[in-house]
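Colleague: I am new to this structure and would like a close look at one part of it. Please take me through the salt bridges and the sheet around them.

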Amino acid sequence: MKTRACKLCGNSINSGSRSDKIFCSDHCRSTFNNRISSGENNLIRRVNYRLQKNRRILNQLNPNGKTKITRETLIAYGFDFSYVTSFYKAKNGNTYTFVYDQGYIDIGGNNLILVKNQRIVEKSSVI
């Protein structure tokens, strides 16, 4: 019988009941797979973190569902305008920018109106 080496550490593998084992232990299997996925998941993790932070900021500054605020205030709280989830163009031509259910519309003069998308909230509460 040919002895095989662990794909991660190189130790010999006790095949036991499986002839296709490639790792000597659960620890080696887990470590190997975590190393493979860590690079690709880092980008997703960073983007999700930014989106969640932006939503928390909008939610904190808009407790009543509609609030007028300046762009500088959002920036001071750490809001990053590069990370949003969707845009909505209203019938009147205004474009709303959303981070999940929290959004804003630019009304000019460096002013924004923060809004909450009630349709998203109503749909998610049904689930």
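Colleague: At its relative accessibility, does Arg-71 count as buried, partly exposed or exposed?

Modeller: Arg-71 counts as partly exposed, at 24% relative accessibility. The cut-off for buried is under 20%, so Arg-71 falls outside that class. Keep in mind that this is a predicted model.

Arg-71 has a charged partner. Side chains of opposite charge can pair when their charged atoms come close. Here Arg-71 forms a salt bridge with Asp-106, and their closest N and O atoms are 3.2 Å apart. That pair links distant parts of the chain. Arg-71 sits in helix α2, residues 71-76. Asp-106 sits in strand β4, 35 residues away in sequence. Asp-106 is partly exposed too, with 45% relative accessibility.

Now place this pair in the whole chain. The chain has 127 residues, and 24% of them are buried. It holds three helices and five strands. Read from the N terminus, the elements run α-β-α-β-β-β-β-α. The exposed surface comes to about 9,000 Å², with carbon and sulfur atoms supplying 50% of it. Take the contacts between residues at least 6 apart in sequence: 38% of them join residues at least 24 apart.

The count of salt bridges is three. Arg-71 with Asp-106 is one of them. Next comes Arg-55 with Asp-101, whose side chains meet at 2.7 Å, N to O. This pair also links distant parts of the chain, with the two positions 46 residues apart in sequence terms: they are 46 residues apart. Arg-55 belongs to helix α1. Asp-101 lies in the loop between β3 (95-99) and β4 (102-108). Arg-55 is partly exposed, at 26% relative accessible area. Asp-101 is buried, at 9%. The 9% is under the 20% cut-off, which is why Asp-101 gets that label.

Another salt bridge stays inside one helix. Arg-29 pairs with Asp-26, with 3.3 Å between the closest N and O atoms. Both residues lie in helix α1, which covers residues 26-61. They are three residues apart, about one turn of the helix. Arg-29 is partly exposed, with a relative accessible area of 37%. Asp-26 counts as exposed, at 56%. Exposed means over 50%, so Asp-26 passes that cut-off.

Back to β4, the strand that carries Asp-106. The sheet is open and has five strands, in the order β1-β5-β4-β3-β2, with antiparallel pairing. Its edge strands are β1 (66-70) and β2 (86-89), each of which pairs on one side only. From one strand to the next, the twist averages 30°.

In that order, β4 stands between β5 and β3. Start on the β3 side. Three bridges join β3 to β4, and these strands run antiparallel. One bridge matches Val-99 with Gln-102 in β4. The two strands form a hairpin with two residues between them. Tyr-100 is in that turn, with a positive phi of about 60°. Asp-101, the partner of Arg-55, is in this loop as well.

Turn to the β5 side. Here β4 and β5 pair in the antiparallel sense over six bridges. Gln-102 has Lys-116 as its bridge partner in β5. This pair of strands also makes a hairpin with two residues between the strands, where Gly-109 takes a positive phi near 60°. Beyond β5 comes β1 in the strand order. Five bridges join β1 to β5 (residues 111-116), again antiparallel. Lys-66 pairs with Val-115 there.

One more residue of β4 deserves a look: Ile-105. In a regular strand the side chains alternate between the two faces of the sheet. Ile-105 counts as buried, at 7% relative accessibility. Asp-106, by contrast, is partly exposed at 45%. Leaving aside neighbours within four places in sequence, Ile-105 is in contact with Asn-94, Thr-95, Tyr-96, Asn-111, Leu-112 and Ile-113. Tyr-88 is 17 residues from Ile-105 along the chain, and their C-alpha atoms are separated by 9.8 Å.

How values were computed
Residues numbered from 1 in each chain as written. Predicted model: local features only at pLDDT ≥ 70, side-chain atom pairs only at ≥ 80, totals over all residues. Heavy atoms only, no water. Salt bridge = Lys/Arg side-chain N within 4 Å of Asp/Glu carboxyl O. Helix = DSSP H or I, 4+ residues; strand = E, 2+ residues; numbered from the N terminus. Buried < 20%, exposed > 50% of the residue type's maximum accessible area, 1.4 Å probe, protein only. Pairing = 2+ DSSP bridges. Axes fitted to C-alpha atoms, helices over the stretch in contact; angles between N-to-C directions. Contact = heavy atoms within 4.5 Å. Areas by Shrake-Rupley, 256 points an atom, 1.4 Å probe, with all protein chains shown as cover.
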